[in-house]
Amino acid sequence: MALDPVSSFRWGVIGPGGIANRFAGALPAVPGARLSWVFAREAAKGQAYAAQWQRDGEAPARVTTVLDELLHSDEVDAVYIATPHSHHGEYVRAALLAGKPVLCEKPLVTTQRSALPDGSGTTVKCRNYKGMTVEMPGLGVNFSLPSHSN
């Protein structure tokens with residue numbers, strides 16, 4: 001089954017550090033992909049990152065120090081997480097709970113406890129995004145794609 005072409009795909013970046021520069025530098029090679037929002041703990045660092053990766057003729061990415069602004073923006077189609085490893089679990093969880101697809105640098109989490117929403121055991125969290133289900137039971141992450149009729 002052929003996929004429909006995407007005219008625009010807007011990324012939100014959490015953690016505008018070194019590895020995030022490689023990600024943003026690759027976006028022009030992907031048709032329709034663009035940097036839309038940046039979350040940074042320090043606004044000046046986020047502004048510098050957004051300015052560095054601004055494309056000619058486009059407005060720079062919006063910058064915030066409030067995670068929920070990025071996660072609940074209609075201008076973000078997916079989130080790229082490039083924070084220190086110890087923060088991956090919390091940001092992945094927050095993005096999934098906000099209904100955003102996530103691309104996260106490895107490792108997804110650093111401990112079993114950080115994979116769980118409340119650290120209490122084997123709780124399973126699921127989100128459905130356009131027919132795709134994502135589960136995080138402990139350290140295992142399961143994906144199921146929607147079935148398509150021919």
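**Group meeting: a glycine, two salt bridges and an aromatic cluster**

Let me start with Gly17, which sits in the loop that runs between strand β1 (9-14) and helix α1 (18-26). Before I go further, please keep in mind that what we are looking at is a predicted model. Gly17 has a relative accessible area of 18%, and because the cut-off for buried is under 20%, this glycine counts as buried. If you look for Lys45, which is 28 residues away from Gly17 along the chain, you will find the two C-alpha atoms separated by 8.6 Å.

Let me turn now to the charged side chains. How many salt bridges does the structure hold? There are two salt bridges, and I will take them one after the other.

One of them joins the side chains of Asp77 and Arg10, with an N to O distance of 3.0 Å. This pair links distant parts of the chain, since Asp77 belongs to the loop between α3 (67-71) and β4 (78-81) while Arg10 belongs to strand β1, and the two are 67 residues apart. As for their surroundings, Asp77 is buried at 16% relative accessibility, whereas Arg10, with a relative accessible area of 22%, is partly exposed.

The other salt bridge is formed by Glu75 and Arg62, whose closest N and O atoms are 3.6 Å apart. Here Glu75 is in the loop between α3 and β4 and Arg62 is in strand β3 (residues 62-64), so this pair ties together parts that are 13 residues apart in sequence. Glu75 is partly exposed, its relative accessible area being 33%, and Arg62 is also partly exposed, at 45% relative accessibility.

That brings me to the aromatic rings, where the count comes to four pairs. The one I would like to show you is the pair of Trp11 and Phe23, whose ring centres are 5.1 Å apart and whose planes stand at 80°, so the arrangement is edge-to-face. Trp11 is in strand β1 and Phe23 is in helix α1, and the pair therefore ties together parts that are twelve residues apart in sequence. Are these two residues buried or exposed? Both Trp11 and Phe23 are buried. Stepping back from this one pair, we find that Trp11 and Phe23 form one aromatic cluster together with Phe9 and Tyr80.

To close, I would point you back to strand β1, where Arg10 takes part in the salt bridge with Asp77 and where Trp11 pairs with Phe23 of helix α1.

Methods:
Residues are numbered from 1 along each chain as its sequence is written. This is a predicted model: local features need pLDDT of at least 70, side-chain atom pairs count only at pLDDT 80 or more; totals for chains, interfaces and linings use all residues. Side-chain values use heavy atoms; hydrogens and water are left out. Helices (H or I, at least four residues) and strands (E, at least two) are DSSP runs, numbered from the N terminus. Buried means under 20% relative accessible area, exposed over 50%, partly exposed in between (1.4 Å probe, protein chains only). A salt bridge is a side-chain nitrogen of Lys or Arg within 4 Å of a carboxyl oxygen of Asp or Glu. Rings of Phe, Tyr and Trp (its six-membered ring) pair if their centres lie within 6.5 Å; planes under 30 degrees apart count as stacked, over 60 as edge-to-face and the rest as tilted.
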